[in-house]
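Student: I should like to go through this structure and test each label against the criterion behind it. May we begin once it is displayed?

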Amino acid sequence: MKVRISKGEEVEEQPLSPMARVFQSPEVDYCAVTIMGFKTKFCLDVLLDALKHNVSKHPRFSTKLSEDGAKWIETQVNVEDHVTVPNIDPEEIGEDGQSFVNDYISRLTTIPLDRSRPLWDMHILNVKTSDAEAVGVIRSHHSLGDGMSLISLMLACTHKTSDPDNTAIPSLKRRQTVPHGLIKQSWFLRFIFNVGSTKRLIWNTVVDMLLLLATILFLEDTKTPLKGGADVRRNPTRFYRRTISLDDIKLIKNSMNMTINDVLLGVTQAALSRYLNRLYGKKNEEEGVLTSNQNHLPSKLRFRAGCTVNLRSDIGFKPLADMMTKDSKCRWGNYFSFIILPFSIGLQTDPLVYLKISKSTMARKKHSYLAALVYFIIKLILKVFGAKAAAAIFNRPVVNLTTCVSNVIGPMEEISFRGHPIAYIAPSNYGQSQALLVHYMSYAGKMIISMAVDPTVIPDPHKICDDMEESLKDMKAALSERGLL
């Protein structure tokens with residue numbers, strides 16, 4: 001739609017998608033952060049030239065929000081206003097460049113994006129850290145697009161380091177839902193399987209919807225040292241990351257006949273169980289409660305995570321031009337929902353138990369229409385009651401859950417931006433009411449763990465990263481001892 005704002009001048013306007021309306025509302029107001037490490041010092045002129053040639057081609061990065069937050073309004077973009085390269089005194093950095101970078105990014109989470117212009121900015125820190133010569137930070141309001149959209153944009157602006165003429169678009173397809181052996185059976189057996197599968201699908205969906213309703217109304221997770229609250233979103237957020245072996249994850253995946261997501265969920269449950277057990281043990285010691293039992297965890301902990309789900313019919317990455325097409329099966333925007341995963345928090349003598357539990361949990365949750373129904377309900381509430389009501393319905397489960405997890409597939413090979421090789425990519429979020437977010441992203445044969453934490457609740461997130469590394473090693477060792485590798 002075009003709106004005339006003065007004589008002879010028209011401005012293009014487009015309505016926000018349902019999830020974009022939710023994200024721009026004051027009750028939610030999430031912001032995505034992508035932190036990238038570069039193997040060389042970054043040249044500002046190269047960045048500005050690239051932005052001037054590409055930003056105007058992307059409607060979301062060259063539009064601003066209307067005053068009522070319901071429409072995108074086309075506007076002229078001065079890229080210099082969106083790029084910051086601070087003059088840094090070497091004495092400010094000190095001996096640890098990573099601490100300086102962490103502090104800088106944490107301060108950014110307290111500075112809102114300027115709503116009078118497109119909702120994104122970039123910060124270049126030519127600061128040497130242990131694994132990069134410079135660090136780039138991209139902030140973009142979540143209403144611009146979800147993780148898959150933003151990673152697709154990044155891939156469109158980069159190229160393979162080994163082959164500068166080619167972009168690095170990873171392939172991805174959905175797993176087969178019907179067992180391979182059953183496909184070869186008679187039509188009658190397939191019919192029986194489909195009937196039973198449909199009954200379970202309906203039952204699982206009803207149960208999941210009831211649990212979601214209870215979570216919205218009253219069902220809250222147990223208060224643990226990892227549990228945040230409504231006030232957490234106002235606090236500065238700190239970001240931490242750790243790199244683990246993607247090959248080890250794939251080795252476990254193939255040995256246990258599961259998915260990479262199953263392995264990551266198992267590792268996360270094992271690590272958080274270790275972390276919480278250590279904290280509760282320390283608390284018991286301070287209170288003079290002595291016990292020979294190594295398990296200090298309270299019984300019957302309710303600990304759940306929101307897990308993002310891509311709703312696109314085609315879940316693979318596509319060229320950016322294809323994503324911007326109106327009828328694309330892999331459209332740009334916020335086409336995702338979430339499911340609620342119950343975490344098994346407890347000490348297990350066999351580390352493989354965490355993997356078996358995660359596989360069972362994920363298989364059960366995949367056999368439900370909860371994610372699609374949540375998206376439909378939010379869309380319906382938005383249409384009938386408005387953005388404020390839809391945001392409240394979206395935010396209530398977030399407040400009552402302990403954490404959120406997500407996994408995004410990244411480039412299989414190293415990529416570069418205009419001759420600047422990228423050492424790592426760590427996506428995350430801030431603005432949520434949870435003290436802990438865990439994002440995973442594969443990149444160039446590595447799995448990058450990116451955590452966003454409220455330091456007033458979790459002062460030592462590096463220990464969670466340590467526990468993740470140790471849990472992965474224990475799982476690999478257990479499989480090796482049983483001759484399964």
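Student: Why is Arg-274 called partly exposed?

Tutor: The model is a predicted one, and in it Arg-274 has a relative accessible area of 28%. Partly exposed is the class between under 20% and over 50%, so Arg-274 belongs to it.

Student: What makes Arg-274 and Asp-474 a salt bridge?

Tutor: Their side chains meet at 2.0 Å, N to O. The cut-off is 4 Å between a side-chain nitrogen of Lys or Arg and a carboxyl oxygen of Asp or Glu, so the pair qualifies. Arg-274 lies in helix H9 and Asp-474 in helix H14 (residues 461-481), so the pair ties together parts that are 200 residues apart in sequence. Asp-474, at 30% relative accessibility, also counts as partly exposed.

Student: Which residues are joined into one network by salt bridges that share partners?

Tutor: Asp-208, Arg-364 and Lys-365 are joined in this way. Arg-364 is found in helix H11 (residues 352-366) and is partly exposed, with a relative accessible area of 25%. Beyond four places in sequence, Arg-364 touches Asn-204, Val-207 and Asp-208.

Student: How many salt bridges are there by this rule?

Tutor: The count comes to 23. One of them joins Arg-115 to Asp-29, whose closest N and O atoms are 3.1 Å apart. Arg-115 lies in the loop between helix H4 (97-108) and S7, and Asp-29 in the loop between helix H1 (18-24) and strand S3 (31-38), so parts 86 residues apart in sequence are tied together. Arg-115 is partly exposed at 35% relative accessibility, and Asp-29 is partly exposed at 32%.

Student: What makes Lys-39 and Glu-414 a salt bridge?

Tutor: The N to O distance between their side chains is 2.4 Å, and the limit is 4 Å. Lys-39 lies in the loop between S3 and H2, and Glu-414 in the loop between strand S13 (403-408) and S14, so this pair ties together parts that are 375 residues apart in sequence. Lys-39 counts as partly exposed at 43% relative accessibility, as does Glu-414 at 22%.

Student: Which residues of helix H2 (residues 44-54) are buried?

Tutor: They are Leu-47, Leu-48, Ala-50 and Leu-51.

Student: How do you know that these residues are on the same side of H2?

Tutor: They cover an arc of only 165 degrees around the axis, which puts them on the same side. What covers them includes strand S6 (83-84), strand S7 (120-125) and strand S14 (415-417).

Student: Which residues touch the most other members of the largest nonpolar core?

Tutor: Phe-343 and Phe-394 do, in a core of 70 residues. Helix H9 (residues 260-286) gives the most to this core, with ten residues. Apart from it lies another core, of 57 residues, among them Cys-31, Ile-35, Leu-108 and Met-122.

Student: Which residues does UniProt list under "transmembrane region"?

Tutor: An unreviewed UniProt entry lists residues 332-349 and 369-386. In the model, residues 332-349 are 0% helix and 39% strand, with end C-alpha atoms 45 Å apart. Residues 369-386 are 89% helix and 0% strand, with end C-alpha atoms 24 Å apart.

Student: Where does pLDDT stay under 50?

Tutor: It does so over residues 1-10. Where pLDDT is low, the predicted coordinates should not be read in detail. The protein averages a pLDDT of 86, and 87% of the residues score at least 70.

How values were computed. Residues numbered from 1 in each chain as written. Predicted model: local features only at pLDDT ≥ 70, side-chain atom pairs only at ≥ 80, totals over all residues. Heavy atoms only, no water. Buried < 20%, exposed > 50% of the residue type's maximum accessible area, 1.4 Å probe, protein only. Helix = DSSP H or I, 4+ residues; strand = E, 2+ residues; numbered from the N terminus. Arc of directions from axis to C-beta. Contact = heavy atoms within 4.5 Å. UniProt positions renumbered as here; feature names shortened; annotations may be inferred. pLDDT = per-residue confidence, 0-100. Core = buried A, V, L, I, M, F, W, Y, C linked by side-chain atoms within 4.5 Å.
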